[in-house]
Protein chains: 2
Amino acid sequence: MALPFTLKELDPSGYLVRQGERAEFTCVLLSGFAYRQKIVGDGGRQIVALQVPGDAVDLQNSLLKIADHSVQALSAITMARIPRKALLEIAATHPRIAHAFWLDTLVDGSIAWEWIANIGRRDALMRLAHLLCEIALRLEVVGFHEGEAHKLPMTQEQMGDALGLTTVHVHRMIKQLERSGLIVRDKRTIAILDEHRLREVADFQRAYLHLNLLDD
Amino acid sequence: MALPFTLKELDPSGYLVRQGERAEFTCVLLSGFAYRQKIVGDGGRQIVALQVPGDAVDLQNSLLKIADHSVQALSAITMARIPRKALLEIAATHPRIAHAFWLDTLVDGSIAWEWIANIGRRDALMRLAHLLCEIALRLEVVGFHEGEAHKLPMTQEQMGDALGLTTVHVHRMIKQLERSGLIVRDKRTIAILDEHRLREVADFQRAYLHLNLLDD
DNA sequence: CGCTTCGTTGAACTGGGTCAACGCGTGTGG
DNA sequence: CCACACGCGTTGACCCAGTTCAACGAAGCG
């Protein structure tokens, strides 16, 4: 809290970081959701990470000179922007804070590795189930209580881009999960009915989220 | 160099870190190659990262209590094992070293995100070409000169597990690259003939490797 | 109240997987 | 020193999960 910051709001699909820009600020998400995406040569889009409230979304790019990907708002968001310099300064003078930044980055990496395994080696149904499990758990951790842990405003297209699938196929998998009684849908929100069975379908092991870091 | 360490050698497919174990040491690869892998529910394997000489292979797991994946030797390797405690100690007392560890972790994460995009949104030919480009460049950076930058002893099965493909299809793609004159093979090694065209095929942009960190 | 964005659905298609067999080199034990 | 086994590469035929294309529907918004 001692750091200087400015508050900023953003509409859905507004840019927190734009690919190719030099990031002068690190953003901390206060409310709302965001995603990181990469555009590949043929115009295809891949979402490589999701950010929930409390995440520091640009420890990454602010250290690495030029951003090699973009971060966009998924919903309307509010964020605190901290000058890159102040952040590096405090990391350099407060080892425990530096350690915390490092851990945060480490967990992001661990999640990315799980996503690689998810996309590379699981079929569409498992992938989708896995994503839903991850989202639900991460939202719970940051204080959404269980029942509403599914209000992440993602379109089927965005889910597809996160899972390496097409919209059409995401839709079919959603319906299949629904038919199996694992989820229910209401308009554009998904709620998990049977978290235990969903995790079995998804082959979901929560270890990779490293939620137990605090009790170290 | 002031840190205490013990040297250790390992044969191909020996474990540097075993999933589920508590890592008491961080390893620095001195020679040889290694890979990180995850096993998914149905027994499938996904290689989520490659490590080349000079890499600190377990900054990750040594901070995060229990390893959520394994690291295995790809070739015969030698490594220095540094006690976890000594490493954290030096990070806590030397901000510039802590900063370097953080950066190293950040780059690992950046590479993982590129892999997600590669597996999620590129077809088999591009994926393979991309992997070859990354390997060649990373090996060059750590001092293998260009001609021999391809002696990574990976089997086609391992490439498949890194790319989310099967052995059979990796083989077909290798042959296709060969027919196009982009690579040549001699027994079990691959050499890049036309790096420029290969990068075009691969949609390879080196930014994600963040090789320019040193000139900051 | 029309436009736009997203969801829904079916039919046809294909990239990559599966299966199964064979080939080649290397190491090993008799 | 040879026979055999084992690991890896190679190849073809067939198959299927997921894509593509195309059309329509439903909700939100200005």
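Here is a short tour of how two protein chains sit against two DNA strands in a predicted model, with a stop at a surface patch on chain A.

## Around DNA strand D

Let's start with DNA strand D. It has 17 residues around it, and the closest come from both chains: Thr166(A) and Arg172(A), plus Gln156(B), His171(B) and Lys175(B). Of the strand D atoms that come within 4 Å of the protein, 71% belong to sugar and phosphate.

A few contacts are worth finding on screen. Thr166(A) has a polar side-chain atom 2.9 Å from a phosphate oxygen of strand D. Gln156(B) also reaches a phosphate oxygen of this strand, with a side-chain N or O atom 2.9 Å away. With Arg172(A), look at a base instead: a polar atom of the Arg172(A) side chain lies 2.9 Å from a base oxygen of strand D.

## Who lines strand D

Which helices each supply at least two residues of the surface near DNA strand D? They are helix H6 of chain A and helix H6 of chain B, and both span 167–179. H6(B) gives the most, with four residues.

Sorted by class, the surface near strand D has seven charged residues, six polar ones and four nonpolar ones.

## Around DNA strand C

Now for DNA strand C. There are 17 residues around this strand, and the nearest are Gln156(A), His171(A) and Lys175(A), along with Thr166(B) and Arg172(B). Sugar and phosphate make up 73% of the strand C atoms that come within 4 Å of the protein.

Phosphate oxygens of strand C turn up in contacts with either chain. On chain A, a polar side-chain atom of Lys175(A) is 2.5 Å from one, and a polar side-chain atom of Arg185(A) is 3.0 Å from one. On chain B, Thr166(B) places a polar side-chain atom 2.9 Å from a phosphate oxygen of strand C.

## Who lines strand C

The H6 helices of chains A and B each supply at least two residues of the surface near strand C. Here the largest share comes from H6(A), with four residues. By class, this surface has four nonpolar, six polar and seven charged residues.

## A nonpolar patch on chain A

One last stop: Met1(A), Phe5(A), Leu7(A) and Leu30(A) make a nonpolar surface patch of about 500 Å². Met1(A) belongs to the segment before strand E1 (6–10) of chain A.

Is Met1(A) buried or exposed? Its relative accessibility is 90%, and exposed means over 50%, so Met1(A) counts as exposed.

Notes: Residues are numbered from 1 along each chain as its sequence is written. Chains are lettered from A and ligands numbered from 1 in the order in which they are written. This is a predicted model: local features need pLDDT of at least 70, side-chain atom pairs count only at pLDDT 80 or more; totals for chains, interfaces and linings use all residues. Side-chain values use heavy atoms; hydrogens and water are left out. A residue is near a molecule or strand if one of its heavy atoms lies within 4 Å of it. A polar contact is a pair of N or O atoms within 3.5 Å; within protein, one must be able to donate a hydrogen and the other to accept it, and residues adjacent in sequence count only if both atoms are side-chain atoms. Ala, Val, Leu, Ile, Met, Phe, Trp, Tyr, Cys and Pro count as nonpolar, Asp, Glu, Lys and Arg as charged, and the others, Gly among them, as polar. Patches are made of residues with over 30% relative accessible area and no salt bridge: like charges are joined within 9 Å, nonpolar side chains (Val, Leu, Ile, Met, Phe, Trp, Tyr) within 5 Å. Accessible areas come from the Shrake-Rupley method with a 1.4 Å probe; for residues, only the protein chains shown count as cover. A salt bridge is a side-chain nitrogen of Lys or Arg within 4 Å of a carboxyl oxygen of Asp or Glu. Buried means under 20% relative accessible area, exposed over 50%, partly exposed in between (1.4 Å probe, protein chains only).
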